[in-house]
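Hi,

Here is the structure I promised to pass on. Have a look at it first, and then read my notes on what turned up.

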Amino acid sequence: MHHRSLSILLTIATLAFASTSFSATAPADAIKYRKAVMSAMAAHTGAFSLINFGRVEHQDHLRAHVEALAAMGTEVKVLFPAGTDTGNTDALPLIWQEQDKFGQMVTAVEKSTAELRDAVVAGDKAATMKAFKAVGEACKGCHDRYRKEKK
Amino acid sequence: MAVRPGLRAEPRFFAAPLLSLIAASCLAAAAESGQIERGRDLVHAGGCISCHTGDRPDATPLAGGRRLETPFGIFYSPNLRPDRETGTGGWTDRDFDAALRQGRAPDGSLYYPVFPYPAYAGMSDRDVSAIAAYLRSLPPVHNPVPPHELPWYLRWRQVMLGWNLLWFHPQPFQADQARDAEWNRGAYLVRHLGHCGECHTPRNFLGARDDSRELAGNPDGPDDEEIPGIRQDREGGIGQWTIDDILLFLEMGMLPDGDFAGSSMSEVIDDNTSQLTAADRRAIAVYLQSLAPLHSP
């Protein structure tokens, strides 16, 4: 009994501490982190396509790029916390106005990057092409709707 | 001279022309359906869908109604579906020709050059007929679109007579005999059918393309966008792009740094360049790479 209430107390304390430290993230840093992950995703996509379309060698690197891409594909959903709609960002406020639709499009990124990794790991060229097209559509779809274009 | 006995046999005598008549009509039907197919591809290559489709996600393609903001006012694209009241229902080949290559509506009124007739003017007869055949084959959709919102001095369409006199000098596309077929195909697609210069070439104060700076970028593009230059340019433009970079961009929208284009080019990729044959995309890339460097502003 004592043990149980102690562990509950500890849990509450930990949660309280965790949430304090989380809410202490400055929106400006959250935006920097978002941009860092997005740039990393673009860089891995660029590297992947150079190898995949035979424009450079390094076939043995292919897997590392799609694994990184798939891992980051799962991170996108937490990159747009409330309060990061203003500041040094090209993310449009529409993201926070239609969270359901935005969520669906982010899920498409997660799903397609996972499929791309699986296709590369399986050595299936046709599936790789198909999944890469889907990755492109997922990225482009989101950027088209939710990213302010450079003026 | 002996008459060949075969021709005397009456059944065959009649059967032969009859068969050839059937064959001919089948051939005509095949040519017709081939023409519609070709017209569909040309409508993609001509970028008709991006502008002539409304802004709502469920808008019917080619039924018009898209709002386009330009430095000269707000335009609403007309309905291209063959609806008699609100679209192109009843248009003859001649009507389509006048619209596409002369910027003139069937009632004689003039279009504004937001519709790229100055580029389409170089289109071949065969392509004009195929586009007409395809549009006619679509199910009609009744979709009235709002009138354009223009400053007073542009509301009277015949003011374009003056503009045309100054800037519109239609020339059919002339193949450059010094270049190969691929380059010429690319030139035809970029300069006429695909009308890339309508966005990527800067315009003068009266809205005419400044072709001395062809494809060098347009700081005042439609929808308030800055349109990048696509000439070879060591610093800006696409000077560092290889043919493969251009091909991947036109097919999927991927930029050489792995980013994916949003903005109005994203629609052009979805509705136009990704639908082209690989050979046509390569022709475009070859043509763009052949242009002399020109620094983007």
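To start with how chain A is put together: of its contacts between residues at least 6 apart in sequence, 71% join residues at least 24 apart. Please keep in mind that this is a predicted model.

The secondary structure of chain A consists of 6 helices and 0 strands, so to speak a run of α-α-α-α-α-α from the N terminus on. Chain A has 151 residues, and 32% of them are buried. Its exposed area comes to about 9,200 Å², with carbon and sulfur atoms supplying 63% of that.

Next, a pocket you may like to look at. The second largest pocket holds about 1,100 Å³ of space. It is lined by 32 residues, and the closest to its centre are A:Asp144, A:Arg145, B:Asp55, B:Ser263 and B:Glu267. Which elements give two or more residues to this lining? From chain A they are α5 (99-122) and α6 (125-146), and from chain B they are α3 (48-51) and α12 (263-271). The largest share, 6 residues, is the contribution of α12(B). As for the character of the lining of the second largest pocket, 19 residues are charged, 7 are polar and 6 are nonpolar.

Now to the nonpolar cores. The largest one has 57 residues, and those with the most contacts inside it are B:Val43, B:Leu62, B:Met123, B:Leu135 and B:Leu288. Leaving out residues up to four places away in sequence, B:Met123 touches B:Leu100, B:Arg101, B:Val128, B:Ile131, B:Tyr188 and B:Leu193. Another core, of 31 residues, lies apart from the largest one; among its members are A:Met72, A:Ala131, A:Phe132 and B:Leu248.

Two of the residues that B:Met123 touches, B:Leu100 and B:Arg101, belong to helix α4 (residues 93-102) of chain B, where both are buried. The other buried residues named in this helix are B:Asp95, B:Phe96, B:Ala98 and B:Ala99. What lies over the buried residues of α4(B)? The cover includes α5 (117-120) and α6 (125-137) of chain B. Just after α4(B) comes B:Gly103, with a positive phi of about 70°.

That is what I have for now. Happy browsing, and do write back with any questions.

Best wishes

Note on methods
Residues are numbered from 1 along each chain as its sequence is written. Chains are lettered from A and ligands numbered from 1 in the order in which they are written. This is a predicted model: local features need pLDDT of at least 70, side-chain atom pairs count only at pLDDT 80 or more; totals for chains, interfaces and linings use all residues. Side-chain values use heavy atoms; hydrogens and water are left out. Helices (H or I, at least four residues) and strands (E, at least two) are DSSP runs, numbered from the N terminus. Buried means under 20% relative accessible area, exposed over 50%, partly exposed in between (1.4 Å probe, protein chains only). Contact means heavy atoms within 4.5 Å. Accessible areas come from the Shrake-Rupley method with a 1.4 Å probe; for residues, only the protein chains shown count as cover. On a 1 Å grid over the protein atoms alone, a cavity is a set of points where a 1.4 Å probe fits but cannot get out, and a pocket is an open set with protein on both sides within 12 Å along at least five of seven lines; lining residues have an atom within 4 Å of a point. Grid points are joined across faces, edges and corners, and a volume is the space filled by probe spheres set on the points. Ala, Val, Leu, Ile, Met, Phe, Trp, Tyr, Cys and Pro count as nonpolar, Asp, Glu, Lys and Arg as charged, and the others, Gly among them, as polar. A nonpolar core is a set of buried Ala, Val, Leu, Ile, Met, Phe, Trp, Tyr and Cys residues joined through side-chain atoms within 4.5 Å.
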